[in-house]
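I am opening my notebook to look first at how the chains meet and then at how the protein meets the DNA.

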Number of protein chains: 2
Amino acid sequence: MSTHTPESGTIPSMDSSNTRRDATRRKLFEAAVTLIAEQGFSSTTVDEIAERAGVAKGTVYYNFASKNVLFEELLRHGIELLATSLQAAADEVTDRGGSRIDALDAMIRAGLDFISRYPALTQLYVAELWRTNRAWQSTLMVVRERAITVVENVLREAVEQEELSEEIDIPLTASALFGMVLVAALDWQSYQPDRSIDDVHAALSRLLQGRVSGRSAEGP
Amino acid sequence: MSTHTPESGTIPSMDSSNTRRDATRRKLFEAAVTLIAEQGFSSTTVDEIAERAGVAKGTVYYNFASKNVLFEELLRHGIELLATSLQAAADEVTDRGGSRIDALDAMIRAGLDFISRYPALTQLYVAELWRTNRAWQSTLMVVRERAITVVENVLREAVEQEELSEEIDIPLTASALFGMVLVAALDWQSYQPDRSIDDVHAALSRLLQGRVSGRSAEGP
DNA sequence: TCCCTTGCACTGACTGGTCAGTGCAAAAAG
DNA sequence: CTTTTTGCACTGACCAGTCAGTGCAAGGGA
């Protein structure tokens, strides 16, 4: 059991000392993440963010140096959460002797959990992650690295344990897995929100485990 | 052999009567697609687009009713190209008696080709496709539908031909495949642009065909 | 041959509005 | 008393969209 509390379900708490200031910052994060996910960074105004957070505009600038800085901190904060959650899922499986393949499967589940819990945050990453020439480009590089590395590590261990062929291309496979879960989950949220997470997870597992092509399940 | 000419390699020609006006519109598309991919829609100004296209601002409004309309036409134009190219790849394989699995593989290749030829266009779709509350939402729904349907059809035929398990979830698998190719390709372009397309294609094929997990090649 | 007209495509200065960020005095909170 | 928040007026840069006017090629009349 981890120590983090889910709070309101929109954006999680920080390392969370309980000062008044932190509460304000959290409210601002919550407001910003949904607005920016919907409208994009540039068409979201600071006045809107302040209003949705129930705070005066001056307060935004008392807490963050600029709109850009607010956004960067949001990005960093969010990715830390995802990486931690993926890592925890993988560790939990391997610690009790599960295979690396099982760990991968657990990470897929953790990814789906994350996306369904913080859809706005996810949309926001997708929208920004492959852009170039933006102020927070370098922040995003770090952020991406942090998440992908977790997946790559498990893949690498799996190859070492001979659970996976040593022919696989680790970085590329990690990206592909990431994309598979990401896009499937976003489509799920946008177009079939009624389906259960187990359902979606099962479909992705099947695809990954190669039970899709070849009808191999019918063999003896 | 199709009749379309690749033009400059940034954005393809339309059905293209060769009037002066069409040439201008094409220049504007080219300029807009790269700028918007880099900076996003809202932070790209009409002045920038005009300048990069080498025309006056008024010309933009002579050719398009508004900045929004310019963008919508860009989206529609681009997706038509992708859908056509995927369909052509699939047809080409099945017409000469290849399996549906081979057709899927050909579509992956076509997807990679497309993304490497029009990276800016691709970035732009990714950034906008899962946003809500935007002016061109309905356009995007249509656009998405158009591309995903092509993949779903091949999957459905594959199930009918008993090349794929009837247990698979067709819409979700289509999304997942789409995402796999998309994210892998974007990462390839952004972070390892030197790798050959064959290399990337091979890695994705391996993942899809289930040759990744289980080391099945070693079995007795 | 020259001049005038017509209409299409394009031009770029200008307008009206928007928005990030500031400054400050006074009120809450702790 | 210090830290944080409020409310609000203000500035200056920036930007979508407008519009009166230019350039130019084709036609037609004399």
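How much area is buried between chain A and chain B? I read about 5,000 Å², of which carbon and sulfur atoms give 56%; buried area here is the accessible area (1.4 Å probe) that two parts lose on being put together, summed over both.

I noted that this is a predicted model, in which local features need pLDDT of at least 70 and side-chain atom pairs count only at pLDDT 80 or more, while totals for chains, interfaces and linings use all residues. Residues are numbered from 1 along each chain as its sequence is written, chains are lettered from A and ligands numbered from 1 in the order in which they are written, and side-chain values use heavy atoms, with hydrogens and water left out.

I then looked up the contact (heavy atoms within 4.5 Å) and found that it takes 59 residues from chain A and 59 residues from chain B. Between these chains I found six salt bridges, each a side-chain nitrogen of Lys or Arg within 4 Å of a carboxyl oxygen of Asp or Glu. One of them joins A:Glu167 to B:Arg206, with the closest N and O atoms 3.9 Å apart.

Turning to DNA strand C, I found 18 residues around it, where near means that a heavy atom of the residue lies within 4 Å. Of the strand's atoms within 4 Å of the protein, 75% belong to sugar or phosphate and the rest to bases. I looked up a phosphate oxygen of DNA strand C that is 3.0 Å from an N or O atom in the side chain of B:Tyr62, and a backbone N or O atom of A:Val46 that lies 2.9 Å from a phosphate oxygen of the strand.

Definitions and conventions:
Polar contact = N/O pair within 3.5 Å; in protein donor to acceptor, adjacent residues only side chain to side chain.
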